[in-house]
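Me: I would like to learn how to read this structure feature by feature. Could you walk me through it?

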2 protein chains.
Amino acid sequence: MEQEPHLTESQPATPGTLRPGGRTAKVRRAVLDAARDALAETGFHALNMDRIAASAGVGKTTVYRRWGSPVGLVTDLLHDMAEQSLPASDTGSLAGDLRANAELVRATLTDPRMGAVFRAVISAAGCDEECARALAGFYRTRLDEWTPVVAKGAARGEIPAGTDPTELLRAVSAPLYYRFTVTHEEVTAGVAERAVTAALAAAKDGVFARS
Amino acid sequence: MEQEPHLTESQPATPGTLRPGGRTAKVRRAVLDAARDALAETGFHALNMDRIAASAGVGKTTVYRRWGSPVGLVTDLLHDMAEQSLPASDTGSLAGDLRANAELVRATLTDPRMGAVFRAVISAAGCDEECARALAGFYRTRLDEWTPVVAKGAARGEIPAGTDPTELLRAVSAPLYYRFTVTHEEVTAGVAERAVTAALAAAKDGVFARS
């Protein structure tokens with residue numbers, strides 16, 4: 001059998017004392033962390049399963065058996081990122097919460113490491129259907145987490161009742177991602193602030209009314 | 001010397017009668033058309049210079065000498081697409097012009113062939129700096145072509161004087177591209193219409209005032 005160098009070393013030697021759940025979760029964590037690092041460093045198309053196994057300290061056969069391919073790794077990484085997604089803000093005003101949301105997106109995209117990871121997964125989704133579905137799922141989770149913020153804003157009378165929360169949240173993110181993925185222009189704090197102000201102006205005007 | 005099968009056949013045999021400009025332009029057209037088709041069919045990472053040369057009916061050495069690499073091909077294709085970019089609409093109202101703009105973006109992204117080409121070049125730009133610069137240049141050209149539309153709208157009093165034309169135009173495109181590249185949601189006519197209405201509401205509110 002193949003050796004699983006680092007992780008095995010930190011586990012008790014007696015099989016009976018292993019907690020399979022704990023071990024499985026540890027292996028997944030190590031592999032997904034290594035995959036994320038590799039994505040940031042080399043992008044999707046240079047992703048190498050053997051190197052990821054080596055830097056995760058996990059046996060190659062485990063990685064191949066469990067994730068199958070770079071697409072499988074990216075897909076699982078996106079599921080993991082969705083699970084770990086930060087909860088929505090609650091600043092007391094819709095403008096404040098949307099500002100926090102835009103700032104979170106901006107900080108992520110401009111962070112050298114996380115920006116590179118997002119660039120890689122977006123690029124992967126552009127050439128693979130399974131990655132595209134996983135990326136769409138990630139953003140559905142993210143958007144769903146933030147929809148209560150919009151409902152609370154509507155309840156406080158800050159925007160019309162019946163505003164479609166997801167439409168408003170998409171309007172906040174879109175100008176940031178457009179620059180990041182399409183026009184390759186800088187995603188500044190001003191860009192984030194303007195995205196919020198523009199989306200709020202449109203929402204107050206009833207543009208995002210649920211159809 | 002390598003043969004350049006198809007194009008050479010349609011050229012006169014006597015060197016003195018060749019117009020180098022015409023021939024150069026024809027070779028470029030054939031190669032860029034083949035590159036665009038290949039991008040639509042296989043994406044950026046499977047781009048094969050030899051196959052492109054063959055389907056363009058141009059010698060391999062010509063293609064390697066002139067474009068060097070798939071990145072060189074995509075970069076030149078983006079320059080070409082910028083040159084061929086359609087002129088802006090003039091419907092008589094800013095809302096009408098922006099609607100025409102959004103509809104043009106929507107039609108392009110949802111066209112099976114052109115949508116695939118844009119997906120491929122956006123993906124290429126996500127992993128190569130030279131492609132990213134060429135893509136940014138393409139969108140600068142596109143945006144510059146449409147800025148007079150905004151100036152005319154401001155002159156007609158439809159939006160505040162001093163509205164930043166590029167910011168307003170970016171706001172129209174962003175929700176469409178965000179769905180296309182990031183969330184992989186459908187870019188419907190309703191999405192395009194809402195993008196225009198939202199951008200106009202924000203513009204009227206002074207959100208895109210030049211800073």
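Reply: Gladly! Let us begin with a term: helices (H or I, at least four residues) and strands (E, at least two) are DSSP runs, numbered from the N terminus. Here, just after α9(A), A:H184 takes a positive phi of about 50 degrees. Please keep in mind that this is a predicted model, in which local features need pLDDT of at least 70, side-chain atom pairs count only at pLDDT 80 or more, and totals for chains, interfaces and linings use all residues. Residues are numbered from 1 along each chain as its sequence is written, chains are lettered from A and ligands numbered from 1 in the order in which they are written, and side-chain values use heavy atoms, leaving out hydrogens and water.

Me: Where does A:H184 sit, and is A:H184 buried or exposed?

Reply: Burial has cut-offs: buried means under 20% relative accessible area, exposed over 50%, and partly exposed in between (1.4 Å probe, protein chains only). A:H184 lies in the loop between α9 and α10 (189–204) of chain A. Its relative accessible area is 23%, so A:H184 is partly exposed. A:H184 has its positive phi although it is not a glycine. In chain B, B:H184 also has a positive phi of about 50 degrees without being a glycine, and B:H184 is partly exposed at 22%.

Me: How do I read the length of helix α9 of chain A?

Reply: Compare the span with an expected one, which is 1.5 Å times one less than the number of residues. Helix α9 (residues 165–183) has 19 residues and reaches 26 Å from its first C-alpha to its last, close to the 27 Å expected.

Me: Where does α9(A) bend?

Reply: A bend at a residue is the angle between axes fitted to the seven residues ending there and the seven starting there. α9(A) bends by about 35 degrees at A:A174, and the proline A:P175 follows within four residues.

Me: Which residue caps the N-terminal end of α9(A), and why is this helix described as largely enclosed?

Reply: For the cap, think of a polar contact: a pair of N or O atoms within 3.5 Å, where within protein one must be able to donate a hydrogen and the other to accept it, and residues adjacent in sequence count only if both atoms are side-chain atoms. A:D164 is the cap, with a side-chain oxygen 3.1 Å from the backbone nitrogen of A:T166. As for enclosure, 19 of the 19 residues of α9(A) are buried, so the helix is largely enclosed by the rest of the structure.

Me: How many disulfides does the structure hold?

Reply: A disulfide is a covalent bond between the sulfur atoms of two cysteines. The cut-off here is a pair of cysteine sulfur atoms within 2.5 Å. The structure holds 0 disulfides over all chains. A:C131 is in none, and the nearest cysteine sulfur, that of A:C127, is 7.6 Å away. A:C131 is buried, at 0% relative accessibility. The sulfur of B:C127 is 7.1 Å from the closest cysteine sulfur, in A:C127, too far for a bond. B:C127 is partly exposed, at 42%.

Me: What does the whole of chain A look like in secondary structure?

Reply: Chain A comes to 10 helices and 0 strands. Its C-alpha trace spans about 65 × 40 × 30 Å along the principal axes. Buried residues make up 52% of its 211 residues.
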